[in-house]
2 protein chains.
Amino acid sequence: MKNAIVGQSGGPTAVINSSLAGVYEAAKNRGADIVYGMAHGVAGLLNEDKINLSQIFDTSLEIELLKRTPSSFLGSCRYKLPHFSETTEPYEKIFKILKKLDIQFFFYIGGNDSMDTIMKLSDYAKETGSKISFMGIPKTIDNDLMLTDHTPGFGSASKYIGATMKELIRDATVYGTPYVTIVEIMGRNSGWLTASASLAKAEDCEGVDMLCLPELPFYLNEFLNKVEKMQQEKKSIVVAVSEGIKLPDGRYVCELSNDARFVDSFGHKNLTGTARLLANQVAKNINTKVRSIELSILQRCAGHITSRTDITESYQVGGAAVRAAFNGHTGEMVALRRISNDPYQCITELYDVHKVANFEKKLPIDWICENGTNVTNNFHRYARPLIQAELTPIYINGLQRHIKI
Amino acid sequence: MKNAIVGQSGGPTAVINSSLAGVYEAAKNRGADIVYGMAHGVAGLLNEDKINLSQIFDTSLEIELLKRTPSSFLGSCRYKLPHFSETTEPYEKIFKILKKLDIQFFFYIGGNDSMDTIMKLSDYAKETGSKISFMGIPKTIDNDLMLTDHTPGFGSASKYIGATMKELIRDATVYGTPYVTIVEIMGRNSGWLTASASLAKAEDCEGVDMLCLPELPFYLNEFLNKVEKMQQEKKSIVVAVSEGIKLPDGRYVCELSNDARFVDSFGHKNLTGTARLLANQVAKNINTKVRSIELSILQRCAGHITSRTDITESYQVGGAAVRAAFNGHTGEMVALRRISNDPYQCITELYDVHKVANFEKKLPIDWICENGTNVTNNFHRYARPLIQAELTPIYINGLQRHIKI
């Protein structure tokens, strides 16, 4: 039996390490000699930056801590492999290192961009006759991967957003005075996370008053009119706005702001300041107190409140990838398929990674209400099972305990 | 036996309703006929806006939910009573309403400004021969009340900040690239909450790299130099900055920003944008990625992560105020006195509210390290017991359950 290596890539989530735990335990259980971790994904691997995980995960307590530790334990990267038709240099380097480490199984936990890496590496392996198996394990809070019912990481982010909105809504009503709260939520081009703000509504919470989803064009005047009209009937208005809403001309709304901007190596613009910009517009045009709040990276790293359903599924997709690789699969991603909604049940299946990489799954337009500012019960039926149950952190001396390399 | 009334005032906390629960249960146990709640504090009372709490808190389950419900259950206000030497009009109105409701005991849960209200009402009662007892119950996340060892509400905010910083620090190191994260924390003129960011440091967390406390003047150039120097040794630098840091000329740093500003009825400036402003300065002057994060109101309303020590003490100060009032006290505030640190033990005591109202307790200067950017172990010994233990929310259908009027 040969060795396995596993990496984490892209933005971290609160549960990405549960997938790492799933890979590690399944690979050990199936007889892998050494399970390596790439430090900072493929970018680190190119420098032969690796960790022998068997030396770190000595006991089952460490695995339990790993499941409860947010952000990528192994470190992450945003490295995009050039296609091997352009240059084979990084490929030769990677395969040389994999050979040196006697790697038979390669696992990569990530989103769209990470599946692009798995696609290219497995294609190159086929071209060159390598027998190494390359498997993708889905992860992203954005829930924008194709073919899978949902992505591990989404449920916990969704739960964090729902729970936080409940608290913000209560806070915003406390003075009983006119007040507009605008909350900025992640999700570059898909509204899954912003829609999750609507989960706050319940017997004990009036819910969010308005969603601004990136699936629809954003008209500033219309927005201001709606806010003003709503406030005639209700003093505290809470709006959940996606960081990625766009003007009719295709520019991001936040591009109107004067903050410094930044473009990453995948060409993604750094989106921030949408809520602040809208709050300033409200302050200028409507006679009300206003506040903007960015949930910022807390929505992806708040390990202190996670969905146990999500943690469990994250662990399962890691294990399923190992099973598939050991059975000879390569160039595939594990996906979740919902076989029943009541009771909620999901199984794992496999898809050719070419069908996943570089696509984005958006919120279905017919799940958005006709007024464009809320989602239908279809969304709630879909998302509610994903936020069920909790995995309590282990608190030591007043704070949650994590595991660190 | 006559009736009691209780109000909540000023900014909400995650545990202010535990004090309300303490007042309600103690007053009922001591034989009060009706316990009223003021809707939106004294401002609501002036409109005779009240709630019969006995009709709401039917069962002990409701009390348990109340303890776990953040933000002021009764609503709050920022109403400042004029002194009765200026006008007796609001006083006559309030005492008429209290007489009509047959009130013998008046409890007000709040911070500095709320203690000002208790002081004025109890002074007026003495002047006019009223026998109503007025008692103050401390509450503020800022921990800036005099004479009490700490304020109920601080422990939970401190725990939230420590837990959140641990998560943010992990997230910020994930790419292993140069990165400056600037986190803005509440606390207008006192650094108790910002200092709490230092609690993140532990075996499993490298901790915050720099605190900017409002007790010391802020020099922008010195700040930029320190950040640049630190980053030569360590790629990810995390800075916790108080919203209330001031330039040597006395202006708040955030006044340099171009955001709309707002002054409340107590003359307090709305402080926001400090972290964003500093992040823009870092981006201009240092070759690094940078992000600013405002913990915003989540630090005061995150009922999903609270300190059980804090919840318990909040309940106790409510009960202690009732006991004192029923024993004939008036014009006093309940305070906490630490009688032992190891093991941690606190008792309640009473202080003349004149000694508390309108003063601010700052972080002791000798608890700040000589370099001005960290706190000594004295702070840790003081704060660590206050964040101990948890009170788990009751989760229904995936989200925490609250109680609502």
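**A sheet in chain A, a helix pair in chain B**

Select residues 236-242 of chain A, which form strand β8, and show β7(A) beside them: three bridges join the two strands, and they run parallel. The model is a predicted one.

Within this pair, pick A:Cys212; the residue opposite A:Cys212 is A:Val241, in β8(A).

Next, widen the selection to the whole sheet. The sheet is open and has four strands, in the order β7-β8-β6-β9 of chain A, and the pairing is parallel. At its edges lie β7 (210-212) and β9 (289-294) of chain A, each of which pairs on one side only. Ignoring direction, the average turn between neighbouring strands of this sheet is 20 degrees.

Now add the helices on the sheet. Residues 154-172 of chain A are helix α6, which packs on the sheet and touches β6 (179-185), β8 and β9 of chain A. The direction of α6 makes about 165 degrees with that of β6(A). Then select residues 274-285 of chain A, helix α9, which also packs on the sheet and touches β6, β8 and β9 of chain A. For α9 the angle with the direction of β6(A) is about 160 degrees.

Move to chain B and select residues 16-29, helix α1, together with residues 60-67, helix α3. The axes of these two helices come within 7 Å and cross at roughly 145 degrees. To see the contact, show B:Asn17, B:Ser18, B:Leu20, B:Ala21, B:Tyr24 and B:Glu25 on α1(B), and B:Ile63, B:Leu66 and B:Lys67 on α3(B). Coloured by class, the residues of this contact are five nonpolar, two polar and two charged.

Terms used
Residues numbered from 1 in each chain as written. Chains lettered and ligands numbered in written order. Predicted model: local features only at pLDDT ≥ 70, side-chain atom pairs only at ≥ 80, totals over all residues. Heavy atoms only, no water. Pairing = 2+ DSSP bridges. Axes fitted to C-alpha atoms, helices over the stretch in contact; angles between N-to-C directions. Contact = heavy atoms within 4.5 Å. Nonpolar A, V, L, I, M, F, W, Y, C, P; charged D, E, K, R; others polar.
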